[in-house]
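Here is a short tour of one protein model. Keep the structure in view and find each part as it is named.

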Amino acid sequence: MKVLFFDIDGTLIDSAHFHFDIPETVLAELRRIQAQGHKLFISSGRPAPLIGPELKIGGFDGYILNNGGCVFVDGKSIYEERMGKDLVWDVTRVLLDLKCEYLLDTADKAYMRKDFKVIEADFERSGVKADFTRDYVEEDIMDEVVKMEILPTSSDAAAAERALKERIGDRFRSDVNGALGSFEIYSPSLSKATGCLKALEYYGLTAEDAYAFGDGVNDIDMIKFAGTGVVMGNAIDEVKAAGDIIAPPIQEDGLAKILRELFPD
């Protein structure tokens, strides 16, 4: 048995060109590979509320979410690593000073303040559908936060990220989200590879039993960790350098093609 880990944007779906459904060609390959006895996982920076029915239709055996901060297998949580209330408190105070809007992502919710309008509009513009929780007391949920997504409203993401690091230090790890012009922060010990390892341990397997498919910088750890790392042809050179195999680009139905090649009947 092998375990296949799939990034979403740029790998399973071509969200850059506003295609938000998994192509039928890919769905057919996923079902065929599952029938061979292998396990399929989504491995994403997204929180649970951003995994809609258009993605769940793939029939995945599990989900690694929040960049490895939450792992679900067969509908149950097997791992969760939170940022810590003190860190979340310090970060939110700095972000408000910097005039940045943000999401607080927990294992099952994405919290957005009622006065934040820019980040909500950006998600709507990108076509990403989410059920945000708007009615809450921020201090009450800080100890549950696994990841934060941050959107600067008065500067660019790089400048805001630098300012945050100057004031907070190296207490977090960050990734840029190019689609929204935002960046994400989470526990410095986390990566998608962390989540993959937890899923493999659940099945009593090792990295050699893993196939990782991705196209983004936040996929590099996962791609290097897996016994077979597959990079989509639409990825930048930095990501391609991490892979064992380069698939055709997503625009050329690259994922379906490489799955047929790697897992023939």
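In which sense do strand β2 and strand β3 pair, and over how many bridges? Strand β2 covers residues 39-43 and strand β3 covers residues 62-65. They pair in the parallel sense, over three bridges. Within this pairing, S43 stands opposite I64 in β3. Bear in mind that this is a predicted model.

**The sheet**

β2 and β3 belong to an open sheet of eight strands. The order is β5-β4-β3-β2-β1-β11-β12-β13, and the pairing is mixed. The edge strands are β5 (76-80) and β13 (245-246), and each pairs on one side only. Helix α10, residues 254-262, packs on the sheet. There, α10 touches β1 (3-6), β11 (210-214), β12 (228-231) and β13. The direction of α10 makes about 165 degrees with that of β11.

Now look at β11. On one side, β11 pairs with β1 in the parallel sense over four bridges. In this pairing, L4 stands opposite Y211 in β11. β11 also pairs with β12, again in the parallel sense and over four bridges. Here F213 has V230 in β12 as its bridge partner.

Is β11 enclosed or open? Five of its five residues are buried, so β11 is largely enclosed by the rest of the structure. In a regular strand, side chains alternate between the two faces of the sheet. β11 can be read that way: A210, A212 and G214 point one way, while Y211 and F213 point the other way.

**A helix beside the sheet**

Helix α1 spans residues 24-35, which makes 12 residues. From its first C-alpha to its last, α1 reaches 17 Å. That is close to the 16 Å expected at 1.5 Å a residue. In α1, the residues V26, L27, E29, L30, R32 and I33 are buried. The buried residues of α1 pack against β1, β2 and α10. After α1 comes G37, whose phi is positive, near 105 degrees.

**Two cores**

Which residues have the most contacts inside the largest nonpolar core? They are V91, L95, L104, M148, I150, L164 and I185, in a core of 33 residues. Several elements each supply at least two residues of this core, including α3 (85-97), β6 (100-105) and α6 (157-168). α3 gives the most, with five residues. Take L164 and look around it. Leaving out residues up to four places away in sequence, L164 touches V91, V94, L95, L98, I150, G169, F172, F183 and I185.

Apart from this core lies another, of 32 residues. Among its members are I33, F72, I250 and L259.

L65 is a residue to find in strand β3. L65 is buried, with a relative accessible area of 4%. Leaving aside neighbours within four places in sequence, its contacts are S44, R46, P47, A48, I51, C70 and F72.

**Aromatic rings**

How many aromatic pairs does a search of the whole structure find? The search finds nine. One of these is Y211 with F263, a tilted pair. Their centres are 4.9 Å apart, with 55 degrees between the planes. Y211 lies in strand β11 and F263 in the segment after α10, so the pair ties together parts that are 52 residues apart in sequence. Both Y211 and F263 are buried. Elsewhere, F5, F41, Y202 and Y203 form one aromatic cluster.

**Two unusual backbone angles**

Most residues other than glycine have a negative phi. K99 has a positive phi although it is not a glycine. D253, also a residue other than glycine, has a positive value too. The table puts them side by side.

| Residue | Phi | Loop | Relative accessible area |
|---|---|---|---|
| K99 | about 60 degrees | between α3 and β6 | 56% |
| D253 | near 60 degrees | between β13 and α10 | 23% |

Is K99 exposed or buried? K99 counts as exposed because its relative accessibility is 56%, and the cut-off for exposed is over 50%. D253, at 23%, is partly exposed.

Note on methods:
Residues are numbered from 1 along each chain as its sequence is written. This is a predicted model: local features need pLDDT of at least 70, side-chain atom pairs count only at pLDDT 80 or more; totals for chains, interfaces and linings use all residues. Side-chain values use heavy atoms; hydrogens and water are left out. Two strands pair if DSSP finds at least two bridges between them. Contact means heavy atoms within 4.5 Å. Axes are lines fitted to C-alpha atoms, for helices over the stretch in contact, and angles run from 0 to 180 degrees between N-to-C directions. The expected span of a helix is 1.5 Å times one less than its number of residues. Buried means under 20% relative accessible area, exposed over 50%, partly exposed in between (1.4 Å probe, protein chains only). A nonpolar core is a set of buried Ala, Val, Leu, Ile, Met, Phe, Trp, Tyr and Cys residues joined through side-chain atoms within 4.5 Å. Rings of Phe, Tyr and Trp (its six-membered ring) pair if their centres lie within 6.5 Å; planes under 30 degrees apart count as stacked, over 60 as edge-to-face and the rest as tilted.
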